[in-house]
Structure formats: C-alpha cells, structure tokens
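Work through the following exercises with the sequence and the structure side by side. Try each task on your own before you read its solution.

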Amino acid sequence: MADYNWINFRNVDGRADLTLNSLPHNLLSVEMLEEIVDALDGLRDDETLKVLYIRGEGNTFCSGVQAEALTADNIGALMPLYTRMYSYLMSIRGLILSGV
C-alpha cells in the first residue's frame with residue numbers, strides 16, 4: 001500500500017477507509033487529489049469491496065480547494081484529477097459513505 005502525505009487510506013476485509021488529512025480544514029490541493037485518485041484507482045476492480053468510507057480528519061469534512069491551488073498553472077492539473085476522481089467513484093461496486 002502506498003504511503004500518503006495528505007490522506008490516510010486502508011483497505012481491509014471489504015472495507016476501505018479514505019480520510020482527508022490536511023488539518024485544520026482538509027482543503028484540497030493538487031497533491032491531495034493525486035493521492036485520492038491513486039487510492040481510488042486501486043478500488044475500481046476490487047470485487048471484494050463492500051463499503052468505501054470517506055471522511056475528514058478533525059471537525060471538517062472538506063472546506064473546498066486551497067486558494068493557492070486556483071492558479072492558471074494548477075487549473076490544468078486540478079480539472080483532470082476531479083474528473084478521474086468522480087469517474088473512479090462511479091466505478092466502485094460497493095457502497096460509498098461519507099462523514100466527519
């Protein structure tokens with residue numbers, strides 16, 4: 001399993017837990033989205049997956065995108081990552097839950 005800096009991820013016995021871990025507000029960045037996409041990519045063909053639980057560390061699920069990430073240079077990286085993330089979520093065969 002990959003080591004991540006901006007998320008915590010584990011997939012054991014049919015349950016995958018993906019936790020946004022960029023306190024205090026779990027703001028999305030290009031780096032965090034890359035990690036999320038990488039984690040979700042491994043779940044797309046997992047026929048044993050029953051549930052994916054996505055949550056935010058601390059008191060906030062996610063407060064949006066880091067303002068610093070909304071630059072002309074980064075928009076070109078952010079949009080394909082969002083597209084892949086949603087595509088991967090749609091391809092997961094198990095139940096997807098979210099919470100704080």
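A residue counts as buried when its relative accessible area is under 20%, and as exposed when that area is over 50%. Keep in mind throughout that the model is predicted.

**Exercise 1.** Decide whether Tyr82 is buried or exposed, and then find its aromatic partner.

*Solution.* Begin with the accessibility: Tyr82 has a relative accessibility of 18%, and because the cut-off for buried is under 20%, Tyr82 counts as buried. Next, turn to the aromatic rings, for which a search of the whole structure finds 1 pair. This pair is formed by Tyr82 and Tyr86, whose ring centres are 6.4 Å apart and whose planes make an angle of 10°. Since planes under 30 degrees apart count as stacked, the pair of Tyr82 and Tyr86 is a stacked one. Finally, place the two residues in the fold: both lie in helix H2, which covers residues 72-91, and they are 4 residues apart, which is about one turn of the helix.

**Exercise 2.** Describe the surroundings of Glu35, starting from the element in which Glu35 lies.

*Solution.* First, locate the residue: Glu35 belongs to helix H1, made up of residues 30-41. Second, apply the cut-off again: with a relative accessibility of 11%, which is under 20%, Glu35 counts as buried. Third, look for its contacts, leaving aside residues up to four places away in sequence; Glu35 then touches Tyr4, Asn5, Trp6 and Ile7. Fourth, compare sequence with space: Leu18 and Glu35 are separated by 17 residues in sequence, while their C-alpha atoms are 10 Å apart.

**Exercise 3.** Which pattern does the protein follow along the sequence, and how does its radius of gyration compare with the globule rule?

*Solution.* Count the elements to begin with: the protein has 2 helices and 4 strands, and read along the sequence they give the pattern β-β-α-β-α-β. The radius of gyration is 13 Å, close to the 13 Å that the globule rule gives for 100 residues, so the protein is as compact as a globular protein of that length. As for its extent, the C-alpha trace spans about 40 × 30 × 20 Å along the principal axes. Then consider the inside and the contacts: buried residues make up 39% of the 100 residues, and of the contacts with a separation of 6 or more, 74% are between residues 24 or more positions apart. To finish with the surface, the protein exposes about 5900 Å², of which carbon and sulfur atoms supply 51%.

Methods. Residues are numbered from 1 along each chain as its sequence is written. This is a predicted model: local features need pLDDT of at least 70, side-chain atom pairs count only at pLDDT 80 or more; totals for chains, interfaces and linings use all residues. Side-chain values use heavy atoms; hydrogens and water are left out. Rings of Phe, Tyr and Trp (its six-membered ring) pair if their centres lie within 6.5 Å; planes under 30 degrees apart count as stacked, over 60 as edge-to-face and the rest as tilted. Buried means under 20% relative accessible area, exposed over 50%, partly exposed in between (1.4 Å probe, protein chains only). The radius of gyration is taken over C-alpha atoms; the globule rule is 2.2 Å times the number of residues to the power 0.38. Contact means heavy atoms within 4.5 Å. Accessible areas come from the Shrake-Rupley method with a 1.4 Å probe; for residues, only the protein chains shown count as cover.
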